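Here is a short briefing for a first look at this model. Have the sequence and the 3D view open as you read.

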Amino acid sequence: MEALTRTLRSFHEKHERIKHTVHTAWRYPLPRWGQYAMACFYFTIPVVGGWSVMQWAISKSVDEIGERGEKLRHKELRGYGNRTVIEGRE
């Protein structure tokens with residue numbers, strides 16, 4: 001157990017040194033065009049990632065329920081307040 005603790009502590013210390021180096025020694029002020037490019041990059045990543053997640057969800061939905069819902073057990077479902085109507089029956 002002590003070896004695991006020692007390994008984790010060593011990893012933590014090395015990680016802190018790397019973080020310190022990255023955030024101090026490698027820091028370089030970007031010119032105006034570089035700031036614009038990084039802003040576009042940081043904006044684009046979540047947009048593209050979200051779009052790809054939505055495309056994946058749509059494909060899984062089509063696999064599960066069909067293109068027009070043909071694989072659904074109940075084709076028609078309506079909710080009216082505290083009543084639920086499934087295929088014309090309450």
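Start with Tyr42, which lies in helix H2. This is a predicted model. Tyr42 counts as exposed because its relative accessibility is 56%, and exposed means over 50%.

**Overall layout**
- The protein chain has two helices and two strands.
- Along the sequence, their order is α-α-β-β.
- Of the chain's 90 residues, 4% count as buried.
- The chain exposes about 8,800 Å², and carbon and sulfur atoms supply 62% of that area.

**Helix H2**
- Helix H2 covers residues 32-65, which is 34 residues.
- At 1.5 Å a residue, helix H2 should span 50 Å.
- Its end C-alpha atoms are 50 Å apart, so the model agrees with the expected span.
- Just after H2 comes Gly66, with a positive phi of about 90°.

**Aromatic pair**
- A pair of aromatic rings is described by the distance of the centres and the angle of the planes.
- The count comes to one aromatic pair.
- Phe41 and Tyr42 form this pair, with 5.6 Å from centre to centre.
- Their planes are 65° apart, so the pair is edge-to-face, a label that applies over 60 degrees.
- Phe41 is partly exposed, with a relative accessible area of 44%, whereas Tyr42 counts as exposed at 56%.

**Surface patch**
- A nonpolar patch of about 670 Å² lies on the surface.
- Tyr28, Leu30, Met38, Phe41, Tyr42 and Ile45 make this patch.
- Phe41 and Tyr42, the partners in the aromatic pair, thus appear in the patch as well.

Methods:
Residues are numbered from 1 along each chain as its sequence is written. This is a predicted model: local features need pLDDT of at least 70, side-chain atom pairs count only at pLDDT 80 or more; totals for chains, interfaces and linings use all residues. Side-chain values use heavy atoms; hydrogens and water are left out. Helices (H or I, at least four residues) and strands (E, at least two) are DSSP runs, numbered from the N terminus. The expected span of a helix is 1.5 Å times one less than its number of residues. Patches are made of residues with over 30% relative accessible area and no salt bridge: like charges are joined within 9 Å, nonpolar side chains (Val, Leu, Ile, Met, Phe, Trp, Tyr) within 5 Å. Accessible areas come from the Shrake-Rupley method with a 1.4 Å probe; for residues, only the protein chains shown count as cover. A salt bridge is a side-chain nitrogen of Lys or Arg within 4 Å of a carboxyl oxygen of Asp or Glu. Buried means under 20% relative accessible area, exposed over 50%, partly exposed in between (1.4 Å probe, protein chains only). Rings of Phe, Tyr and Trp (its six-membered ring) pair if their centres lie within 6.5 Å; planes under 30 degrees apart count as stacked, over 60 as edge-to-face and the rest as tilted.
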